[in-house]
Amino acid sequence: MESRKEEIEYAGIGASPGIAHGPVSILREKEITVPKYQVKPALHKTEVARFENALLATRKQIQKIRDQVEESLGEEEARIFDAHLMVLEDQALIDEVVREMDASEENVEASMWRIGNRYIEAFGQIDDEYLRERASDIRDVIRRLISNLTGQSLEDHGDRSDNKHVVVAQEVAPSDSASIDKNQVLALVTDLGGKTGHTVIVARSMNIPAVVGLGDISQNVVPGDVLLVDGYEGKVVVNPSENTLFRYGKLKDKRASIEERLIAFSKNISETKDGHPIQLQANIESANEAKRALEIGADGVGLFRTEYLFMNTRSLPSEEEQFDAYSGVAEVMDGRSVVIRTLDLGGDKMSASPELGMQHEANPFLGYRAIRYCLDNIDIFTTQLRAILRASARGNVKIMYPMISGVEEMKQANECLEIAKEQLRSEGIAFNESIETGSMIEIPSAAIACDTLVSECSFFSIGSNDLIQYLMAVDRLNDRVAHLYEPTHPAMIRMLDMIVKAANKGGVELSICGEMAGDPILVPLLVGLGIESLSMSPGLLPHAKFVAHSMDLSEAREIAEMALSETDAMKILENLTAFYESRMASIS
Ligand code: PEP
Ligand code: MG
């Protein structure tokens with residue numbers, strides 16, 4: 001087919017940074033043929049053995065993919081494959097397939113397909129995004145099992161050439177990632193997916209640019225088309241003109257050189273141009289990530305999200321497993337502060353573990369979440385507190401409670417902490433007796449009345465992700481109202497100012513660990529308002545450090561005054577952007 005010459009630009013979500021350019025390779029999911037034939041009762045055992053061998057082979061393949069992802073990306077990203085492994089170990093599902101083979105006297109492929117589809121249909125109808133996703137895990141696993149039983153390949157790369165190419169697909173299932181040749185793929189582009197989807201994880205692990213959420217691009221490109229992929233801005237240009245290529249070529253070189261210089265700059269200490277010290281800390285989920293954060297100049301860990309230990313797992317992590325995870329990070333950080341946040345399950349972070357007993361709710365962000373869940377499940381909470389306390393003997397560990405709405409919850413959480421301390425004392429187990437406790441400030445009631453919390457803790461950390469959503473009634477995950485999710489809204493700026501004043505008056509330390517902290521445009525505003533400890537994804541630290549070094553404290557304060565007196569969120573953002581660009585001029 002002849003390639004279109006017309007240049008067409010698509011806008012999606014930039015999921016993995018970088019710019020790439022090359023011929024398209026369309027990855028389509030192949031229709032899989034499911035053989036169906038009678039199996040005499042005498043051969044039933046042989047058929048069961050075929051099934052068991054296929055389960056074993058599939059397990060090995062998925063374990064291999066998991067290991068690859070763990071090595072390149074870390075434990076928590078690899079855990080996505082635990083859901084697949086769980087399907088392969090699901091005794092109820094396995095028994096049902098064996099019973100179906102027996103009852104229908106049919107081969108394993110046909111029986112498994114029937115049972116699998118029954119499960120997929122049931123999960124697919126559940127009004128819960130997390131559980132609906134489990135349907136695609138089951139589908140992925142069943143297809144792979146059939147491919148192993150019949151030798152059929154799962155993807156159709158009809159047009160794949162030996163040259164390097166840009167893979168375009170509707171979606172890339174996690175286990176399909178194994179078939180993507182890292183040496184041949186320049187970039188990944190998909191119709192579906194968000195910033196935290198499977199494609200993103202695969203692309204990041206391969207260090208290649210990716211753009212997701214492009215609608216129907218896989219239906220509109222044809223073999224012979226050439227794609228330009230901008231993973232920074234989330235743009236894809238089909239058949240780019242010479243002019244566009246020239247522009248992007250220059251941009252690519254420029255981005256790479258800026259990134260290199262920012263990384264080199266991250267060796268500097270964290271302070272403003274006039275030497276006012278600030279703290280730039282990392283949000284992490286594992287010891288591996290903590291190591292990376294340290295290499296990139298983190299002053300500490302401002303947020304260790306612990307939910308990931310509890311997700312995609314059938315059984316609860318034991319005290320010992322949790323202790324290993326927490327003390328691992330504390331040891332890596334070698335005396336630097338490590339703030340471990342207690343379990344924040346609920347909202348968008350659901351767990352299918354039956355032991356956690358999570359249930360579907362109409363408004364999960366307003367429901368049984370975080371500290372509310374923990375105070376109602378004291379055993380789970382106490383186990384976690386014991387593990388954190390034990391880790392406090394191995395480093396500079398602090399405890400932070402999420403979703404605190406008022407002082408009563410703080411008191412109850414601290415009472416649980418006292419009980420855990422008492423247990424450890426009586427068992428003769430070491431911990432830091434004067435471990436500091438803190439409260440996330442992410443619910444407007446806690447922000448407005450944070451003066452009432454100061455007696456119960458020694459630090460606050462502003463969770464701007466949730467604080468913005470609850471303050472402005474904007475679901476943080478809903479694209480359709482995303483334009484209303486404005487960090488520079490005057491209400492949010494006034495709220496930040498209130499929290500700073502209450503924290504200073506009450507003598508508690510203050511930091512911020514929501515996404516606002518890692519946005520380099522907002523760094524001057526936050527520091528100017530008096531928030532001098534910012535915690536962010538490790539990759540964002542060099543940029544924030546550079547911006548901090550480019551301004552005097554007095555300039556940051558002027559910026560904050562401007563923001564406090566302005567009434568228009570867009571105008572505030574424009575002013576902040578202009579200031580930021582003037583500071584970046586020296587490096588771009
Ligand atoms: C926040 O709400 O800003 C935050 C850091 O917590 P999470 O994103 O985990 O809800
Ligand atoms: Mg939060």
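## Ligand 1 and its polar contacts

A polar contact is a pair of N or O atoms within 3.5 Å. In this predicted model, Glu442 makes such an approach to ligand 1: a polar side-chain atom of Glu442 lies 3.0 Å from an oxygen atom of the ligand. Two arginines do likewise. For Arg305, a side-chain N or O atom is 2.8 Å from an oxygen atom of ligand 1. For Arg341, the distance from a polar side-chain atom to a ligand oxygen is 2.9 Å.

There are 15 residues around ligand 1. The nearest are Arg305, Arg341, Gly463, Asn465 and Arg476.

## The magnesium site

Glu442 also binds the metal. Its OE and the OD of Asp466 coordinate the magnesium ion, ligand 2, at 2.0 to 2.1 Å. The two residues come from distant parts of the chain, 24 residues apart. Glu442 sits in the loop between strand E14 (437-441) and helix H15 (444-448). Asp466 belongs to helix H16, residues 464-472.

Are these two acidic residues buried or exposed? Glu442 is buried, because its relative accessibility is 2%, under the 20% limit. Asp466 is buried too, also at 2%.

## Nonpolar cores

The largest nonpolar core has 106 residues. Those with the most contacts inside it are Tyr326, Phe381, Tyr401, Phe460, Ile499, Ile531 and Leu534. Helix H17 (residues 490-506) gives the largest share of this core, eight residues. Apart from it lies another core, of 31 residues. Val48, Ile65, Ile80 and Phe81 are among its members.

What does Tyr326 touch, beyond its neighbours within four places in sequence? Its contacts are Phe304, Thr306, Leu309, Phe310, Ile340, Gln384, Ala387, Ile388 and Ala391.

## Cysteines without disulfides

The structure holds zero disulfides. Why does Cys457 not form one? The closest cysteine sulfur is in Cys450, 9.2 Å away, so the pair is too far apart for a bond. The cut-off is 2.5 Å between the sulfur atoms.

Cys513 has a similar account. Its closest cysteine sulfur is that of Cys457, at 14 Å, which is too far for a bond. Cys457 is buried at 9% relative accessibility. Cys513 is buried as well, with a relative accessible area of 2%.

## Positive phi outside glycine

Most residues other than glycine have a negative phi. Two exceptions follow. Asp334 has a phi near 45°. Met403 has a phi of about 55°.

Their settings can be compared. Asp334 is in the loop between helix H11 (319-333) and strand E12 (338-341). Met403 is in the loop between strand E13 (397-401) and helix H14 (407-427). Asp334 is exposed, because its relative accessible area is 60%, over the 50% limit. Met403 is buried, at 0% relative accessibility.

## Gly302 in strand E11

Gly302 lies in strand E11, residues 301-305. With a relative accessible area of 4%, Gly302 is buried. Setting aside residues up to four places away in sequence, Gly302 touches Gln281, Ala282, Val339, Met400 and Ser535. Gln279 is 23 residues from Gly302 along the chain, and their C-alpha atoms are 9.4 Å apart.

## Ser270 and Thr244

Which residue shares a side-chain polar contact with Ser270? The partner is Asp299, at 2.7 Å. Ser270 is in the loop between helix H9 (242-265) and strand E10 (279-284). At 7% relative accessibility, Ser270 is buried. Beyond its neighbours within four places in sequence, Ser270 contacts Pro277, Ile278, Leu280, Asp299, Lys545 and His549.

Thr244 is in helix H9. Its relative accessibility is 4%, so Thr244 counts as buried. Leaving out neighbours within four places in sequence, Thr244 is in contact with Glu7, Leu228 and Val237.

Terms used: Residues are numbered from 1 along each chain as its sequence is written. Chains are lettered from A and ligands numbered from 1 in the order in which they are written. This is a predicted model: local features need pLDDT of at least 70, side-chain atom pairs count only at pLDDT 80 or more; totals for chains, interfaces and linings use all residues. Side-chain values use heavy atoms; hydrogens and water are left out. Donors are N, O and S atoms within 2.8 Å of the metal (3.2 Å for Na, K and Ca); water is not among the atoms, so sites may look incomplete. Helices (H or I, at least four residues) and strands (E, at least two) are DSSP runs, numbered from the N terminus. Buried means under 20% relative accessible area, exposed over 50%, partly exposed in between (1.4 Å probe, protein chains only). A nonpolar core is a set of buried Ala, Val, Leu, Ile, Met, Phe, Trp, Tyr and Cys residues joined through side-chain atoms within 4.5 Å. Contact means heavy atoms within 4.5 Å. A residue is near a molecule or strand if one of its heavy atoms lies within 4 Å of it. A polar contact is a pair of N or O atoms within 3.5 Å; within protein, one must be able to donate a hydrogen and the other to accept it, and residues adjacent in sequence count only if both atoms are side-chain atoms.
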